[in-house]
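Please open the structure in the viewer and keep a selection panel at hand. The tour proceeds by selections, each followed by a description of what is found there.

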Amino acid sequence: MESAHTNPGRTRLVLASGSKARLGLLRDAGLEVVSCPVALDEAVLRDRMRAENAAQSDIALALANAKSLEFFRNQRFTSADFVIAADQILDCDGIGFDKPDSRLAIREQLLFLRGRTHHLQTATVLYRNGEKLWEHCATPALRMRQFSDAFLDAYIEAEGDALLSCVGAYRLEGRGVQLFDRIDGDHDAILGLPRLPLLSVLRDLGAIAA
């Protein structure tokens with residue numbers, strides 16, 4: 001984990017996550033970002049909200065906010081730090097899906113999604129000094145085609161355990177694109193972090209050059 005306390009007084013961006021994909025999206029955009037994962041039991045919050053029949057978008061936002069607040073409780077920070085956190089939940093007809101925990105779960109999830117349209121509730125928040133400055137939830141829609149069982153088995157074999165870290169059990173930047181026949185929405189949001197609205201608010205707040 002990188003330190004979130006170097007160069008006090010300097011405006012810095014902190015990602016309250018260990019996600020390599022989100023960190024890569026930010027750094028590919030030319031931003032200097034410190035990655036600081038937080039220890040949050042997401043399942044407790046997620047399961048409680050689902051028991052209360054909360055919308056999947058509300059759950060994603062609650063998890064992103066909880067990650068930021070957990071960072072401020074347990075990490076060293078300065079008043080100059082802008083803290084970014086995000087979460088993503090796959091929403092199919094109101095049913096929320098998390099990262100699969102086995103290859104069998106991968107197969108069952110993809111069979112359920114086959115021929116259906118699902119949404120990726122992709123929540124992003126921005127905090128400073130423990131106070132929320134901004135939140136956003138993007139909702140790209142993806143329709144899986146009627147792929148064959150043979151294609152599915154070959155796909156899982158080729159991608160392997162890498163799919164266990166993917167909320168949708170697919171990587172759109174890899175072979176997973178072959179699962180779909182229609183995709184509507186921001187590609188960055190599908191990958192886990194909608195950069196354009198985030199970059200806009202960072203410019204408005206003076207965190208990055210306008």
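The stops below move from the nonpolar cores to two helices, an annotated position, a loop residue and the cysteines. The model is predicted.

**The nonpolar cores**

Begin by selecting L90, L110, M144, Y170 and L179. Among the 21 residues of the largest nonpolar core, these five touch the most other members. To see which parts of the fold supply this core, colour strand 3 (81-92), helix 4 (103-113), strand 7 (141-144) and helix 5 (149-159), the elements that each give two or more residues to it. A separate core, the second, holds 20 residues, including V34, L45, F71 and V83. In soluble globular proteins, nonpolar side chains tend to be buried together.

**Y170 and H118**

Centre next on Y170. With residues up to four places away in sequence set aside, Y170 touches L90, L110, H118, L120, L142, M144, Y155, L163, G176, L179 and F180. Which side chain makes a polar contact with that of Y170? The side chain of H118 does, at 2.8 Å.

Select H118 itself, which is placed in strand 5 (residues 117-128). H118 has a relative accessible area of 0% and is therefore buried. Beyond the residues up to four places away in sequence, H118 touches L90, D91, C92, L113, P140, A141, L142, M144, Y170 and F180.

**Helix 5**

Select helix 5 and display L152, Y155, I156 and E159, which are buried. Viewed down the axis of helix 5, these buried residues fall within an arc of 95°, so they line one face of the helix. An α-helix has 3.6 residues a turn, so residues three or four places apart point the same way. The partner of this buried side is helix 4, against which the buried residues of helix 5 pack. Rotate to the face turned away from the buried side to find the exposed residues A150 and E157. After helix 5 comes G160, with a positive phi near 65°.

**Helix 7**

Move to helix 7 (residues 195-204), where L198, L199, V201 and L202 are buried. Look down the axis of helix 7: its buried residues fall within an arc of 165°, so they too line one face of the helix. To view the packing, add strand 1 (12-15), helix 1 (20-28), strand 3, strand 5 and strand 6 (131-138), against which the buried residues of helix 7 pack. The face turned away from the buried side of helix 7 carries the exposed residues L196 and D204. Just after helix 7, G206 has a positive phi of about 80°.

**D87, an annotated position**

Select D87, which an unreviewed UniProt entry lists under "active site". D87 is placed in strand 3. Is D87 buried or exposed? Its relative accessibility is 6%, so D87 counts as buried. Display K67 as well, since a polar contact of 2.9 Å joins the side chains of D87 and K67. The surroundings of D87, leaving aside neighbours within four places in sequence, comprise R22, E42, A60, L63, A64, K67, Q121, T122 and A123.

**R116 in its loop**

Select R116, in the loop between helix 4 and strand 5. R116 counts as partly exposed, at 33% relative accessibility. A polar atom of the R116 side chain lies 2.8 Å from the backbone oxygen of F112. Apart from residues up to four places away in sequence, R116 touches C92, D93, L142, R143 and M144. Draw a C-alpha to C-alpha distance to Q146: the two residues are 8.7 Å apart in space and 30 residues apart in sequence.

**The cysteines**

Finally, display C92, C137 and C166 together. How many disulfides are there? The count comes to 0. Why is C137 unpaired? Its sulfur is 16 Å from the closest cysteine sulfur, in C92, which is too far for a bond. C166 stands in a comparable position, as its sulfur is 17 Å from the closest cysteine sulfur, again in C92, too far for a bond. As for exposure, C137 counts as partly exposed because its relative accessibility is 25%, whereas C166 counts as buried at 11%.

How values were computed. Residues numbered from 1 in each chain as written. Predicted model: local features only at pLDDT ≥ 70, side-chain atom pairs only at ≥ 80, totals over all residues. Heavy atoms only, no water. Core = buried A, V, L, I, M, F, W, Y, C linked by side-chain atoms within 4.5 Å. Buried < 20%, exposed > 50% of the residue type's maximum accessible area, 1.4 Å probe, protein only. Helix = DSSP H or I, 4+ residues; strand = E, 2+ residues; numbered from the N terminus. Contact = heavy atoms within 4.5 Å. Arc of directions from axis to C-beta. Disulfide = S-S within 2.5 Å. UniProt positions renumbered as here; feature names shortened; annotations may be inferred. Polar contact = N/O pair within 3.5 Å; in protein donor to acceptor, adjacent residues only side chain to side chain.
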